[in-house]
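Here is a friendly walk through how the helices of this model pack together. Have a look at the structure first, and then we can go through it piece by piece.

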Amino acid sequence: MLFRSSASNIYTMIQWLPSYLTRVLELPFPRMAFFLTIGYTLASVLTVLIGYAADRSLQRALVASITCFIYPWLVIPASMFGPPEWIAVALGTLVAQSASTAALNGALMHTLLEPEAIARGTGIYVGVGNFCSALGPWIFGMLITATGGYHAGFVFMALMSAAACLAYFRLHQISQRARAAAAA
(Lines give C-alpha, C1' and ligand atoms only; values in the text may rest on other atoms or scores of the structure.)
Protein backbone atom coordinates (compact mmCIF):
# COMPACT_ATOMS: atom_id res chain seq x y z
CA MET A 1 0.00 0.00 0.00
CA LEU A 2 3.00 2.32 0.24
CA PHE A 3 2.66 2.72 -3.51
CA ARG A 4 -0.64 4.50 -2.86
CA SER A 5 1.20 7.34 -1.15
CA SER A 6 0.82 8.98 -4.56
CA ALA A 7 -2.95 9.16 -4.13
CA SER A 8 -2.68 10.21 -0.50
CA ASN A 9 -0.24 13.00 -1.37
CA ILE A 10 -2.36 14.34 -4.22
CA TYR A 11 -5.58 14.20 -2.17
CA THR A 12 -3.82 16.00 0.67
CA MET A 13 -2.30 18.67 -1.57
CA ILE A 14 -5.58 19.37 -3.32
CA GLN A 15 -7.47 19.60 -0.03
CA TRP A 16 -5.00 21.58 2.07
CA LEU A 17 -3.00 23.79 -0.33
CA PRO A 18 -5.70 26.43 -0.88
CA SER A 19 -6.18 27.03 2.85
CA TYR A 20 -2.43 27.05 3.46
CA LEU A 21 -1.83 29.57 0.70
CA THR A 22 -4.78 31.85 1.55
CA ARG A 23 -4.93 31.62 5.36
CA VAL A 24 -1.31 31.13 6.37
CA LEU A 25 0.56 32.86 3.54
CA GLU A 26 -2.27 35.39 3.03
CA LEU A 27 -2.25 35.01 -0.74
CA PRO A 28 -5.49 36.48 -2.12
CA PHE A 29 -7.73 33.74 -3.51
CA PRO A 30 -7.62 34.85 -7.20
CA ARG A 31 -3.80 35.07 -7.11
CA MET A 32 -3.60 31.72 -5.30
CA ALA A 33 -5.73 30.11 -8.02
CA PHE A 34 -3.63 31.64 -10.79
CA PHE A 35 -0.24 30.61 -9.37
CA LEU A 36 -1.44 27.19 -8.26
CA THR A 37 -2.70 26.60 -11.81
CA ILE A 38 0.76 27.45 -13.14
CA GLY A 39 2.21 24.86 -10.75
CA TYR A 40 -0.35 22.23 -11.78
CA THR A 41 0.44 22.92 -15.43
CA LEU A 42 4.15 22.44 -14.78
CA ALA A 43 3.29 19.25 -12.89
CA SER A 44 1.46 17.95 -15.96
CA VAL A 45 4.52 18.57 -18.12
CA LEU A 46 6.81 16.92 -15.55
CA THR A 47 4.48 13.92 -15.32
CA VAL A 48 4.82 13.33 -19.07
CA LEU A 49 8.60 13.75 -18.90
CA ILE A 50 8.93 11.34 -15.98
CA GLY A 51 6.77 8.81 -17.81
CA TYR A 52 8.93 9.25 -20.90
CA ALA A 53 12.09 8.63 -18.85
CA ALA A 54 10.53 5.52 -17.31
CA ASP A 55 9.57 4.16 -20.74
CA ARG A 56 12.94 4.92 -22.31
CA SER A 57 14.83 3.25 -19.47
CA LEU A 58 12.31 0.45 -18.88
CA GLN A 59 13.15 0.94 -15.19
CA ARG A 60 9.73 2.10 -14.00
CA ALA A 61 10.13 1.12 -10.34
CA LEU A 62 13.54 2.80 -10.21
CA VAL A 63 12.20 6.00 -11.80
CA ALA A 64 9.32 5.98 -9.28
CA SER A 65 11.84 5.47 -6.47
CA ILE A 66 13.93 8.41 -7.67
CA THR A 67 10.84 10.60 -7.97
CA CYS A 68 9.80 9.70 -4.41
CA PHE A 69 13.37 10.29 -3.21
CA ILE A 70 13.43 13.84 -4.59
CA TYR A 71 10.03 14.88 -3.20
CA PRO A 72 10.94 15.03 0.53
CA TRP A 73 13.96 17.21 -0.24
CA LEU A 74 11.75 19.72 -2.04
CA VAL A 75 8.36 19.79 -0.29
CA ILE A 76 9.52 21.22 3.03
CA PRO A 77 11.69 24.05 1.65
CA ALA A 78 9.07 24.74 -1.04
CA SER A 79 6.43 25.21 1.65
CA MET A 80 8.53 27.60 3.73
CA PHE A 81 10.79 29.79 1.65
CA GLY A 82 10.05 32.51 -0.85
CA PRO A 83 7.16 34.76 -1.66
CA PRO A 84 3.66 33.19 -1.48
CA GLU A 85 3.35 33.18 -5.28
CA TRP A 86 6.54 31.15 -5.65
CA ILE A 87 5.42 28.76 -2.90
CA ALA A 88 2.10 28.25 -4.73
CA VAL A 89 3.90 27.43 -8.00
CA ALA A 90 6.45 25.18 -6.27
CA LEU A 91 3.92 23.18 -4.25
CA GLY A 92 1.60 22.90 -7.25
CA THR A 93 4.50 21.62 -9.34
CA LEU A 94 5.31 18.99 -6.71
CA VAL A 95 1.99 17.33 -7.53
CA ALA A 96 4.05 15.81 -10.38
CA GLN A 97 5.42 13.30 -7.88
CA SER A 98 1.95 12.00 -7.12
CA ALA A 99 0.74 12.08 -10.71
CA SER A 100 3.83 10.41 -12.16
CA THR A 101 4.00 7.63 -9.60
CA ALA A 102 0.28 6.97 -10.05
CA ALA A 103 0.89 6.59 -13.79
CA LEU A 104 3.93 4.40 -13.20
CA ASN A 105 1.88 2.22 -10.86
CA GLY A 106 -0.45 1.44 -13.76
CA ALA A 107 2.49 0.52 -15.96
CA LEU A 108 3.99 -1.62 -13.21
CA MET A 109 0.74 -3.58 -12.89
CA HIS A 110 1.24 -4.73 -16.47
CA THR A 111 4.67 -6.08 -15.67
CA LEU A 112 3.82 -7.64 -12.29
CA LEU A 113 0.62 -9.51 -13.15
CA GLU A 114 -0.42 -12.05 -15.71
CA PRO A 115 -2.54 -10.53 -18.50
CA GLU A 116 -5.73 -12.22 -17.29
CA ALA A 117 -5.34 -10.69 -13.81
CA ILE A 118 -4.41 -7.08 -14.66
CA ALA A 119 -7.91 -5.56 -14.50
CA ARG A 120 -8.83 -7.43 -11.32
CA GLY A 121 -5.49 -6.63 -9.69
CA THR A 122 -5.74 -2.98 -10.68
CA GLY A 123 -9.28 -2.79 -9.33
CA ILE A 124 -8.24 -4.21 -5.98
CA TYR A 125 -5.15 -2.01 -5.86
CA VAL A 126 -7.08 1.16 -6.70
CA GLY A 127 -10.09 0.40 -4.51
CA VAL A 128 -8.18 -0.55 -1.37
CA GLY A 129 -5.49 2.04 -2.08
CA ASN A 130 -7.94 4.92 -2.47
CA PHE A 131 -9.67 3.96 0.75
CA CYS A 132 -6.36 3.97 2.62
CA SER A 133 -5.21 7.12 0.82
CA ALA A 134 -8.20 9.03 2.13
CA LEU A 135 -6.45 8.97 5.50
CA GLY A 136 -3.74 11.34 4.22
CA PRO A 137 -5.84 14.53 4.30
CA TRP A 138 -7.30 13.52 7.66
CA ILE A 139 -3.85 12.92 9.19
CA PHE A 140 -2.60 16.22 7.70
CA GLY A 141 -5.55 18.00 9.35
CA MET A 142 -4.93 16.25 12.66
CA LEU A 143 -1.30 17.41 12.52
CA ILE A 144 -2.45 20.99 11.90
CA THR A 145 -4.72 20.74 14.94
CA ALA A 146 -2.03 19.14 17.11
CA THR A 147 0.78 21.53 16.20
CA GLY A 148 -1.08 24.70 15.25
CA GLY A 149 0.69 24.83 11.88
CA TYR A 150 1.01 23.13 8.54
CA HIS A 151 4.69 22.17 8.62
CA ALA A 152 4.17 18.89 10.48
CA GLY A 153 1.75 17.95 7.70
CA PHE A 154 4.39 18.64 5.06
CA VAL A 155 6.85 16.51 7.06
CA PHE A 156 4.25 13.71 7.14
CA MET A 157 3.95 13.88 3.34
CA ALA A 158 7.74 13.86 2.99
CA LEU A 159 7.96 10.76 5.21
CA MET A 160 5.26 8.99 3.19
CA SER A 161 7.21 9.69 0.04
CA ALA A 162 10.45 8.46 1.62
CA ALA A 163 8.73 5.20 2.60
CA ALA A 164 7.40 4.84 -0.95
CA CYS A 165 10.92 5.49 -2.27
CA LEU A 166 12.19 2.51 -0.31
CA ALA A 167 9.29 0.30 -1.43
CA TYR A 168 9.79 1.19 -5.10
CA PHE A 169 13.53 0.60 -4.80
CA ARG A 170 12.88 -2.83 -3.27
CA LEU A 171 10.49 -3.60 -6.13
CA HIS A 172 13.22 -2.53 -8.55
CA GLN A 173 15.69 -4.91 -6.91
CA ILE A 174 13.21 -7.80 -7.06
CA SER A 175 12.45 -7.14 -10.74
CA GLN A 176 16.17 -6.96 -11.58
CA ARG A 177 16.74 -10.35 -9.94
CA ALA A 178 13.76 -11.83 -11.82
CA ARG A 179 15.15 -10.48 -15.12
CA ALA A 180 18.58 -11.92 -14.39
CA ALA A 181 17.09 -15.29 -13.50
CA ALA A 182 14.98 -15.32 -16.68
CA ALA A 183 18.01 -14.47 -18.80
CA ALA A 184 20.11 -17.23 -17.25
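In this predicted model, the axes of α3 and α4 come within 8 Å of each other and cross at roughly 160°. Because the angle is over 145 degrees, α3 counts as roughly antiparallel to α4. The crossing of these two helices is left-handed.

Which residues of α3 and α4 make the contact? The table lists them by helix.

| Helix | Residues in the contact |
|---|---|
| α3 | Val75, Ala78, Ser79, Met80 |
| α4 | Trp86, Ile87, Ala90, Leu91 |

By character, the residues of this contact divide into seven nonpolar, one polar and no charged.

Leu91 also leads us into the interior. The largest nonpolar core has 29 residues, and Leu91 is one of those with the most contacts inside it, along with Met13 and Leu21. Helices that each supply at least two residues of this core are α1 (5–24), α2 (29–57), α3 (60–80), α4 (84–93), α5 (95–112), α7 (135–147) and α8 (151–183). Leaving aside residues up to four places away in sequence, Met13 touches Pro18, Tyr71, Leu91, Leu94, Val95 and Met157. There is also a second, separate core of twelve residues, including Ile50, Ala54, Leu108 and Cys165.

Cys165 turns up once more beside a serine. Ser65 lies in helix α3. Is Ser65 buried or exposed? With a relative accessible area of 4%, Ser65 is buried. Beyond residues up to four places away in sequence, Ser65 touches Cys165, Tyr168 and Phe169.

Terms used:
Residues are numbered from 1 along each chain as its sequence is written. This is a predicted model: local features need pLDDT of at least 70, side-chain atom pairs count only at pLDDT 80 or more; totals for chains, interfaces and linings use all residues. Side-chain values use heavy atoms; hydrogens and water are left out. A nonpolar core is a set of buried Ala, Val, Leu, Ile, Met, Phe, Trp, Tyr and Cys residues joined through side-chain atoms within 4.5 Å. Buried means under 20% relative accessible area, exposed over 50%, partly exposed in between (1.4 Å probe, protein chains only). Helices (H or I, at least four residues) and strands (E, at least two) are DSSP runs, numbered from the N terminus. Contact means heavy atoms within 4.5 Å. Axes are lines fitted to C-alpha atoms, for helices over the stretch in contact, and angles run from 0 to 180 degrees between N-to-C directions. Angles under 35 degrees count as roughly parallel, over 145 as roughly antiparallel, 65 to 115 as roughly perpendicular and the rest as oblique. A crossing is left-handed if the near helix is turned anticlockwise from the far one by less than a right angle, and right-handed if clockwise. Ala, Val, Leu, Ile, Met, Phe, Trp, Tyr, Cys and Pro count as nonpolar, Asp, Glu, Lys and Arg as charged, and the others, Gly among them, as polar.
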